[in-house]
Amino acid sequence: MDSGSSAFMLVCTMLVLLMTPGLAFFYGGLSRRKNVGNTMVMVFVVIGIVALTWTLFGWSLAYGGNGENPIFGGFDQLLLLGSTQAMLAEAQLAVADASYPSMVDIVFQMAFCMITTAIITGGVAGRMRFGAVVAFLTVWTVVVYPPLAHMVWGGDGSLIGDVIGALDFAGGDVVHISSGLTALVLAVLVGKRKGFGAMSYRPHNVPFIALGAALLWFGWFGFNAGSAFAADGIAALALVNTVCASGAGVASWMVTERLAVGKPTLVGACTGLVAGLVGITPAAGFVEPWAALVIGITVSPICYLAISKLKVRLGYDDALDAFGCHCVGGIVGGVLTGIFCLPELSWTEYGGLLYTGDFSLLGSQVLGILVTIAFVGVCDIVLGLIVKACFKGSLRVSGEAEAQGLDVAEHSESAYPAYVGLD
């Protein structure tokens, strides 16, 4: 066992775990006053859901089995059976290639599943029944996320990571495209908020947004650097690239906002920070720092246009812009990985287009993204319709409950009791 890598992975795991409550503050600040509690509890309930489903099924379906199935892992590690014995064998040096306890991987990947699932809730804030949210996310963390994680990170024989040869260092496909697309599908199935398009939905608590963005930024260093799975130079590169891309994302968003509406905002700076982080996630350990700057500069204006123009043009109500930031940003980052990937750092025999003049990796990146979209999209639609049927044909609260606010209607509490009925 390498004590340095063991300590590093433990700290990175705790940082990623911090991201989910951080997202609760980010989303809570973006929501309306009468819905802030509901918005935040939809994120917090994910911690409970994933702790159960990942232990019972998720880890085994994602990383169990013998590596022969390209779609999902296996059933040999359900309930994490054997994991404690494996840890004891490692402690007795019976496992030659163990540099840190494999038990850490279970929680590290559980934390990834938590933040991915939590992102989804932003698409339906303010109008989806809490029970329907819980039902959908519970099944999603069993039948959608684990197979996708296996297809990308399952090693030899995995469909996207090996057969197609697409690169995803820390979750462009697995985390951001999957969650953003699912948020969009749910938003369409649930329907638009009352008054959407006719009234302005402004964030109710900007300091909450800044606090949430800060926690996400801090946690993201464990998210990306920890995906090197060792305290080494690749982890250091991923850390540097995360800082570069997120900073460039902030600057780029604020310039874009200044040109588009005349004034930069704190909410915009926080959103640009997240966009830069999303964009670098698939590329963090594959590109040079200058390329990370380019990714951050590029992804923010594209996400800005998706949020401010595409959503209006297509008329979908992605309440907190999970699709516009995460799915669109993940696609941009995945494509740019195929251009800027340093050949020496690639997990495959192909390097980025810029260095090799070969379109092979870029083609693999695009194909991997398309497979992710197809798999997640089909599963989401089927699962959403099944849950809708189980809830008597409606995923959303009544009109009266929506007008009253979901804090009171769904949870009989209010974040700001003095303001009940005044939002």
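# Exercises on helices, burial and salt bridges

In this predicted model, helix α6 is followed by glycine 155, whose phi is positive, near 80°.

## Exercise 1: The surroundings of α6

Determine how many residues of helix α6 are buried, and which helices those residues pack against.

*Solution.* Begin with the extent of the helix, which covers residues 145-153, and apply the cut-off for burial, under 20% relative accessible area. Nine of the nine residues are buried, so α6 is largely enclosed by the rest of the structure. The buried residues include Tyr145, His150 and Trp153, together with Pro146 and Pro147. Next, look at the partners: the buried residues of α6 pack against α2, α4 (102-120), α5 (130-143), α7 (159-164), α8 (172-190) and α15 (360-390).

## Exercise 2: A buried asparagine in α2

State whether asparagine 38 is buried or exposed, and list the residues that it touches beyond four places away in sequence.

*Solution.* Asparagine 38 belongs to helix α2, which runs over residues 36-63. Its relative accessibility is 0%, and it therefore counts as buried. When residues up to four places away in sequence are set aside, asparagine 38 touches Phe130, Leu406, Asp407, Glu410 and His411.

## Exercise 3: The salt bridges of aspartate 317

Identify the arginines that form salt bridges with aspartate 317, and say where each partner lies in the chain.

*Solution.* Take arginine 127 to begin with: the closest N and O atoms of this residue and aspartate 317 are 3.9 Å apart. The pair links distant parts of the chain, since aspartate 317 sits in the loop between α12 (289-314) and α13 (322-340) while arginine 127 sits in the loop between α4 and α5, 190 residues apart. Then turn to arginine 193, whose side chain meets that of aspartate 317 in a salt bridge with an N to O distance of 2.7 Å. Here too distant parts of the chain are linked, arginine 193 being in the loop between α8 and α9 (206-225), 124 residues from aspartate 317. Taken together, Arg127, Arg193 and Asp317 are linked in a network of salt bridges.

Finally, check burial for each member of the network. Aspartate 317 has 2% relative accessibility and so counts as buried; arginine 127 is buried, with a relative accessible area of 0%; and arginine 193, at 12%, counts as buried as well.

## Exercise 4: A salt bridge between α12 and the loop after it

Locate the two residues of the salt bridge between lysine 311 and aspartate 321, and decide whether each is buried or exposed.

*Solution.* The closest N and O atoms of lysine 311 and aspartate 321 are 2.7 Å apart. Lysine 311 lies in helix α12, whereas aspartate 321 lies in the loop between α12 and α13, with their positions 10 residues apart in the numbering. Lysine 311 counts as buried because its relative accessibility is 11%, and aspartate 321 counts as buried because its value is 17%.

## Exercise 5: The span and cap of α11

Compare the span of helix α11 with the expected value, and find the residue that caps its N-terminal end.

*Solution.* Helix α11 (residues 266-280) has 15 residues and reaches 21 Å from its first C-alpha to its last, close to the 21 Å expected at 1.5 Å a residue. The cap comes from threonine 265, a side-chain oxygen of which lies 2.9 Å from the backbone nitrogen of glycine 268. As for cover, 14 of the 15 residues of α11 are buried.

Technical notes: Residues numbered from 1 in each chain as written. Predicted model: local features only at pLDDT ≥ 70, side-chain atom pairs only at ≥ 80, totals over all residues. Heavy atoms only, no water. Helix = DSSP H or I, 4+ residues; strand = E, 2+ residues; numbered from the N terminus. Buried < 20%, exposed > 50% of the residue type's maximum accessible area, 1.4 Å probe, protein only. Contact = heavy atoms within 4.5 Å. Expected span 1.5 Å × (residues − 1). Polar contact = N/O pair within 3.5 Å; in protein donor to acceptor, adjacent residues only side chain to side chain. Salt bridge = Lys/Arg side-chain N within 4 Å of Asp/Glu carboxyl O.
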